[in-house]
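Me: Could you walk me through this one with me?
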There are 2 protein chains.
Amino acid sequence: MPTHFTGSRVEIRTLNTFIKLTRCTNSLLVRLAERNTIGDLTYSQFAVLEALYHLGPMTAGEVSQKILKSGSNLTTVIDNLERDGLVRRERDVNDRRVIHLHLTGAGSSKLEEVFPGHVSALVEEFSVLSASEQEMLGALCKKLGIGIARDSSKTNVKG
Amino acid sequence: MPTHFTGSRVEIRTLNTFIKLTRCTNSLLVRLAERNTIGDLTYSQFAVLEALYHLGPMTAGEVSQKILKSGSNLTTVIDNLERDGLVRRERDVNDRRVIHLHLTGAGSSKLEEVFPGHVSALVEEFSVLSASEQEMLGALCKKLGIGIARDSSKTNVKG
DNA sequence: CACTACTATTTCGATGTCGAATTATTTGAC
DNA sequence: GTCAAATAATTCGACATCGAAATAGTAGTG
């Protein structure tokens with residue numbers, strides 16, 4: 001389903017690549033969701049647990065950068081994780097503005113329960129690509145993901 | 001920032017490719033948002049206007065499939081677009097269950113106002129990749145996006 | 001010490017998102 | 001024609017998401 005926009009050759013090519021990239025990512029995430037690989041967790045909740053599990057306790061700000069979500073959003077996600085007993089908030093003793101996030105035992109178990117299945121599902125989904133195709137895809141995404149250098153006074157990326 | 005998960009070589013490769021793909025898409029969308037390429041529209045609103053503009057009037061269900069969003073979600077988006085006078089709902093005369101969506105004059109103007117800038121921004125962002133790299137990326141995404149054949153009784157994709 | 005600037009997080013309001021249930025309507029079986 | 005099943009869209013409740021404003025706390029200047 002290519003674009004119906006009539007523009008220059010470069011514009012058409014770019015739009016088609018963009019559409020394929022976003023549709024690919026989207027449909028991959030939908031397929032993973034359909035497989036129920038992360039149990040009753042939402043994807044944001046899973047991302048937070050995964051970060052804390054594999055990287056250790058972190059401040060709210062660090063997690064926010066890690067999972068590329070805004071701070072205000074993270075508050076909600078953590079609220080729900082804490083309500084469900086999967087994560088614990090802890091004030092920093094030296095700097096009381098800072099909140100450290102820790103996995104609880106239940107949080108750890110939860111991640112261990114769902115992570116292997118999630119990885120298997122990913123491996124299965126990506127098996128349509130050969131090893132070298134996957135590496136090619138990764139390299140292209142990395143290049144595109146970093147982006148072009150632009151006036152840094154305009155780009156207030158939080159990271 | 002590769003995964004910190006310790007698994008088989010295949011698992012690590014897959015996870016890293018997955019992370020690069022999702023981060024690439026995400027950060028590209030964030031950069032586009034920062035450039036404000038679609039004015040005061042949300043991305044969903046933009047997608048609906050773009051579909052109606054380039055493909056013509058469609059039923060709510062068709063738009064829903066086109067932009068890969070659930071019907072319940074589309075109702076909200078259309079509500080807001082209609083409130084802002086960019087889109088018009090019209091009951092089908094033969095089948096009164098069906099709603100046809102039309103761009104209003106304002107909706108058409110709105111899209112014409114933002115679309116060229118959006119395309120330029122995309123072209124600029126994708127300029128880190130050569131033409132053949134873009135085509136390679138598109139091809140890999142297409143392959144991965146379609147996915148592997150699975151038991152169709154389990155996959156009730158609405159499309 | 002007082003004042004200001006900065007930083008980390010939360011609150012708030014608007015929008016988007018989904019799945020499940022609901023409403024309105026059409027279609028098919030009898 | 002009547003009733004059941006299917007279909008199109010909406011409503012509802014829960015969660016996610018963002019930006020802007022508020023809150024709480026730290027740090028630097030004088």
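What follows is a short exchange on the DNA strands and on how the two chains are related.

Reply: This is a predicted model, in which local features need pLDDT of at least 70 and side-chain atom pairs count only at pLDDT 80 or more, while totals for chains, interfaces and linings use all residues. Residues are numbered from 1 along each chain as its sequence is written, with chains lettered from A and ligands numbered from 1 in the order in which they are written.

Me: OK, which residues come nearest to DNA strand D?
Reply: Of the 24 residues around DNA strand D, the nearest are T42(A), S44(A), S72(A), G61(B) and S72(B), where a residue is near if its C-beta atom, placed from the backbone, lies within 6 Å of the strand.

Me: And which element gives the largest share there?
Reply: Helix 4 of chain A does, with 5 residues; helices here are DSSP runs (H or I, at least four residues), numbered from the N terminus.

Me: What about DNA strand C, which residues are closest?
Reply: DNA strand C is surrounded by 24 residues, and G61(A), S72(A), S44(B), S70(B) and S72(B) are the closest. Helix 4 of chain B gives the most to that surface, with 5 residues.

Me: Switching topic, how is chain A laid on chain B?
Reply: A turn of 180° with a shift of 0.0 Å along the axis lays chain A on chain B with an RMSD of 0.1 Å, which is the relation of a two-fold axis. The superposition is by least squares on the C-alpha atoms of residues with pLDDT of at least 70 in both copies.

Me: Which residue of chain A comes closest to the rotation axis?
Reply: That is L137(A), whose C-alpha lies at 3.2 Å.

Methods. Helix = DSSP H or I, 4+ residues; strand = E, 2+ residues; numbered from the N terminus.
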